[in-house]
Amino acid sequence: MNTPPARFVRIPAERLRSFTARCLNSVGLREDHADLMAMLLTNSDLRGVRSHGTRQICRRTPHDGYCQVLRDCKVNPNPQLTVIRETSNTVLIEGDGSLGYAPMMMATEVAIDKAREQGMAMGATVNTGHYGSAGHYVYRAMEEGMIAFS
């Protein structure tokens with residue numbers, strides 16, 4: 001876990017999530033992806049993983065924050081996510097140049113469904129940017145009573 005700062009302002013999680021979603025949407029990220037990212041980034045903050053939390057929306061170093069890369073068109077804000085390869089227990093999602101959050105969550109959800117049927121499954125993505133904390137996707141599988149790694 002990251003060490004909390006000595007001085008801070010406590011913000012209710014829902015208010016932070018809503019603000020984060022509005023920031024991401026205001027620079028062009030499609031609404032459903034902005035909502036998903038805001039939830040995941042806020043969850044990172046709640047878990048104490050501040051390095052991969054909401055601070056990423058405006059961080060300037062070592063890489064530009066998500067709002068900057070979206071505004072500067074360094075990633076696709078409106079990707080067409082598609083399944084490009086699939087078997088009974090695998091799925092490969094095309095990220096279309098987007099940030100990795102939505103494609104990886106899509107791969108995770110499909111893998112969860114396939115694991116229910118097959119006993120185990122794997123999801124992967126291609127052509128994406130940063131997907132944040134690996135814990136997002138592991139926690140999602142854990143919510144379904146599954147073991148996962150990312």
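Why does the sulfur of Cys23 form no bond with the closest cysteine sulfur, in Cys67? In this predicted model, the two sulfurs are 5.3 Å apart, too far for a bond. A disulfide requires a pair of cysteine sulfur atoms within 2.5 Å, and by this rule the count comes to zero disulfides. For Cys67, likewise, the closest cysteine sulfur is that of Cys23, at 5.3 Å. Cys23 counts as buried because its relative accessibility is 17%, under the 20% limit. Cys67 also counts as buried, at 12% relative accessibility.

The nonpolar interior was examined next. In soluble globular proteins, nonpolar side chains tend to be buried together. The largest nonpolar core comprises 24 residues, and those with the most contacts inside it are Leu24, Met37, Tyr66, Leu99 and Tyr101. At least two residues of this core are supplied by each of helix H1 (13–26), H2, helix H3 (66–71), strand E2 (90–98) and H4. Met37 touches Leu24, Leu29, Tyr66, Leu99 and Tyr101, residues up to four places away in sequence not being counted.

Met37 also appears in the lining of the largest cavity. A search of the whole structure finds one cavity of 30 Å³ or more, and the volume of the largest cavity is about 50 Å³. Its lining consists of Leu29, His33, Met37, Leu70, Val75, Asn76, Pro79, Ser98, Leu99, Tyr101, Ala102 and Pro103. Helix H2 (31–46) and helix H4 (101–118) each contribute at least two residues to this lining, with H4 giving the most, three residues. By class, nine of the lining residues are nonpolar and three are polar, while none is charged.

Open pockets were considered separately. The largest pocket has a volume of about 710 Å³. Its lining is formed by 23 residues, of which Phe8, Val9, Leu16, Asp45 and Arg50 lie nearest its centre. H1 and H2 each supply at least two residues of the lining of this pocket, and the largest share, four residues, comes from H1. The lining of the largest pocket divides by class into 13 nonpolar, five polar and five charged residues.

The second largest pocket holds about 480 Å³ of space. It is lined by 19 residues, and Ala121, Met122, Ile147, Ala148 and Phe149 are those nearest its centre. Two or more residues of this lining come from each of H4, strand E3 (122–128) and helix H5 (135–143). H4 provides the largest share of the lining of the second largest pocket, with six residues. This lining contains 15 nonpolar and four polar residues, and no charged residues.

H4 is also reached from the loop between strand E1 (82–86) and E2, where Ser88 is found. Ser88 touches Lys114 and Gln118, again not counting residues up to four places away in sequence. With a relative accessible area of 45%, Ser88 is partly exposed. Ser88 and Asp72 are 16 residues apart in sequence, and their C-alpha atoms are 39 Å apart in space.

Technical notes. Residues numbered from 1 in each chain as written. Predicted model: local features only at pLDDT ≥ 70, side-chain atom pairs only at ≥ 80, totals over all residues. Heavy atoms only, no water. Buried < 20%, exposed > 50% of the residue type's maximum accessible area, 1.4 Å probe, protein only. 1 Å grid on protein atoms, 1.4 Å probe; cavity = no way out; pocket = protein on both sides within 12 Å on 5 of 7 lines; lining within 4 Å. Points joined across faces, edges and corners; volume = space filled by probe spheres on them. Nonpolar A, V, L, I, M, F, W, Y, C, P; charged D, E, K, R; others polar. Core = buried A, V, L, I, M, F, W, Y, C linked by side-chain atoms within 4.5 Å. Contact = heavy atoms within 4.5 Å.
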